[in-house]
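Please open the model in your viewer and set it to a cartoon representation, with side chains available on demand. The tour below proceeds by selections, each followed by a description of what is found there.

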Amino acid sequence: MEFKNFSLFINQTKVNRFAEDLANGKITSTVCKHCGTQYYPPRADCSSCMQSEMEWKELPTQGNLLTFTRIHVPPEHFAVRQPLMPFSSVQFEPCPIGIIEVGKGLPIMGWIPKMDIKKIKVGMRMKASPFVLPDGKITIVLEPV
Amino acid sequence: MKKVAIVGIGHGKFGIRSDASLRELIFEAVKACLDDAGLSLKEVDSMVTGVAGDEFSFGIQPSAQVHDYIGFYPKPNFRVEGACATGSVALRTGWMNIVSGLADIVLVVGVEKMTEVPTSVATEIMGRAGDAIWEYPFGTTFPGYYAMIANAHMAAYGTTEEQLAMVAVKNHYYGSLNPYAQMQKEVTLEKAMTSFTVAYPLKLFDCSLITDGAAAVLLASEEKAKALSKKPVWLAGLGCATDAMRLGDRKSMTSLEASREAAKAAYKMAGIGPSDINVATVHDCFTIAEIVAYEDLGFCEKGEGGRLIEAKETYVGGRIPVNVDGGLKSKGHPLGATGVSMAVEISKQLRGEAGPRQVKNAQIGLTHNVGGSGQISLVHIFRRE
């Protein structure tokens, strides 16, 4: 599993195991073997003690929603193209995104595919899960619990 | 510490400048700045160029384009960058040049030529100013980041979408009075409230513009400033601070910690507090950003920003007039030029030359310029005396 299947652009990193774990159904973090600081997103190097010996650890998946939005004007990579068929149009309904905190200093960003934007509230309890998209890319989704 | 003053200001027209290239935009601002100071380039020792993005303008050496076109070589010039705070990074670097003794007179220019690429491409370039590895895969954009700050602020303090729109109404009103502004027209609250959603809850009129433009200031040491200028504007306080890349890693999602730290440093250096400020330009890349800035700069208590605009306290005549040049919202936001443009506006105010937008007898002014979604922030304080 290439890291780019998660990150879209960047493929060369010391933490590319993250994408493999995600494909295997786990959201993983790194923990510094020296000082115990835990990082999500995972880091290969510890900015607390400047050491680089880390071990991988699965994250808890439930937490409270810190914030959210729904982006209606997407960047180029996600932009909707005009359909090629004459007289036809596509209806674009963007998917909300949000950030949940599954532990102190451990925020997980994800798509919120199953909720109406008006029903999403800061503070609500949600669960993060890996999700394989139809094109083989891998991502994270959030849903209420 | 050595004292440094602004002795010349120049501002080009902001807007969709399909008539001009990056180097030609700079020329307009530099010419106006030198004319204002009554100096020629021969008398300038050194130069700093602020440009935020290479991808907008197809060149990895924007500073070379500039010193070539205005004929500044072989004297020192280099480019600095701090995303949307680039212009203030350039000003701070110019100040360092003089305080260090390397130069007595320094030209500081900021420029961005953003409309050479389509809007969707510009949106993508700016969206990557967040975390390109860990946030962009979720389709994040600049409006998206500030929309998340807005939703957190609304949930914590009861800030409303109407209050956000009121910032747009104010800034468009003042933009309509600024001949250099991109959108010189007023908007009504109803129009702002019914415009289409860009990133929930932010609507079109909550967002700043994609802009071409340039601005320049000439800095001088105390001795030179007193000899050259009848109305120098003194740089009395400088603050610069940084914060985590990702929103989720921040101490707070309802304030920008970098701005709070930068403000603290600038106030301390100037020996004043928020209540001493007569006029301010703040980084209103989105309406929520102006409300958060009121709080981060100490113009009101935490959580009270929405009520400050609702009470019209940030209009001329109010407790603390903010962005009476139209702000990024209506004047436009050419990334690298914005911080320099803010310094130009505050200089005009302190020189009493702001025309219909003048804050009566303004003595002390402040600029607040944020990079990205708060990864870097700079606060500068200016005094007339």
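The stops below cover one chain, the interface, and then selected elements of the partner chain.

**Stop 1. Chain A as a whole**

The model is predicted, and this should be kept in mind at each stop. Select chain A and display its C-alpha atoms, which fill a box of roughly 65 × 35 × 25 Å along the principal axes. Colour the chain by secondary structure: 2 helices and 8 strands appear. Followed from the N terminus, the order of elements is α-α-β-β-β-β-β-β-β-β. Chain A has 145 residues, of which 39% count as buried. Among its contacts between residues at least 6 apart in sequence, 51% join residues at least 24 apart.

**Stop 2. The open sheet of chain A**

Select β1, β2 and β3 of chain A, which form an open sheet of 3 strands in the order β2-β1-β3, with antiparallel pairing. The edge strands are β2 (38-39) and β3 (54-58), each of which pairs on one side only. Next, select residues 28-32 of chain A, which make up strand β1, and residues of β2(A); 2 bridges join these antiparallel strands. To inspect the register, display A:Val31, which stands opposite A:Gln38 in β2(A). As general background, strands of a sheet pair through backbone hydrogen bonds.

**Stop 3. Strand β5 of chain A and its two partners**

Select residues 97-101 of chain A, strand β5, which is mostly covered, with 4 of its 5 residues buried. Add residues 62-69 of chain A, strand β4, which runs antiparallel to β5(A) and is joined to β5(A) by 5 bridges. Then add residues 107-111 of chain A, strand β6, which is likewise antiparallel to β5(A) and joined to β5(A) by 5 bridges.

Which residue of β6(A) is the bridge partner of A:Ile99? Display A:Met109, which holds that position. Toward β4(A), A:Ile99 in β5(A) stands opposite A:Thr67. Finally, trace the hairpin of β5(A) and β6(A): 5 residues lie between the strands, and A:Gly105 takes a positive phi near 70° there.

**Stop 4. The interface between chain B and chain A**

Display both chains and select the residues in contact: 30 residues of chain B meet 36 residues of chain A. The two chains bury about 2,900 Å² between them, 72% of it on carbon and sulfur atoms. On the chain B side, select B:Trp134, B:Phe138 and B:Tyr200, which lose the most area to chain A and together account for 29% of what that side buries.

How many salt bridges are counted between chain B and chain A? The count is 0. Polar contacts are found across the interface, in 6 residue pairs with both members at pLDDT 80 or more.

To see which elements of chain B contribute, select α4 (119-127), α5 (142-157) and β5 (197-199), the elements that give two or more residues to the side touching chain A. The largest share, 6 residues, comes from α5(B). By residue class, this side of chain B divides into 17 nonpolar, 9 polar and 4 charged residues.

**Stop 5. B:Thr141 and helix α4 of chain B**

Select B:Thr141, which lies in the loop between α4 and α5 of chain B. Why does B:Thr141 count as buried? Its relative accessibility is 1%, and the cut-off for buried is under 20%. Leaving aside residues up to four places away in sequence, B:Thr141 touches A:Ile71, A:Val73, A:Pro74 and A:Pro75 from chain A, together with B:Thr123 and B:Gly127 from chain B.

Move to α4(B), whose buried residues are B:Ala122, B:Thr123, B:Glu124, B:Ile125, B:Met126 and B:Gly127. These buried residues pack against α5 and α13 (335-351) of chain B.

**Stop 6. Helix α2 of chain B**

Select residues 62-69 of chain B, helix α2, which is largely enclosed by the rest of the structure because 6 of its 8 residues are buried. Those buried residues are B:Pro62, B:Ser63, B:Ala64, B:Gln65, B:Val66 and B:His67. Among the elements that cover them, display α1 (22-37), β2 (46-50), β3 (77-80) and β4 (105-113) of chain B. End at B:Gly71, just after α2(B), which takes a positive phi of about 70°.

Conventions: Residues numbered from 1 in each chain as written. Chains lettered and ligands numbered in written order. Heavy atoms only, no water. Contact = heavy atoms within 4.5 Å. Buried area = accessible area lost by both parts, 1.4 Å probe. Salt bridge = Lys/Arg side-chain N within 4 Å of Asp/Glu carboxyl O. Polar contact = N/O pair within 3.5 Å; in protein donor to acceptor, adjacent residues only side chain to side chain. Nonpolar A, V, L, I, M, F, W, Y, C, P; charged D, E, K, R; others polar. Pairing = 2+ DSSP bridges. Buried < 20%, exposed > 50% of the residue type's maximum accessible area, 1.4 Å probe, protein only.
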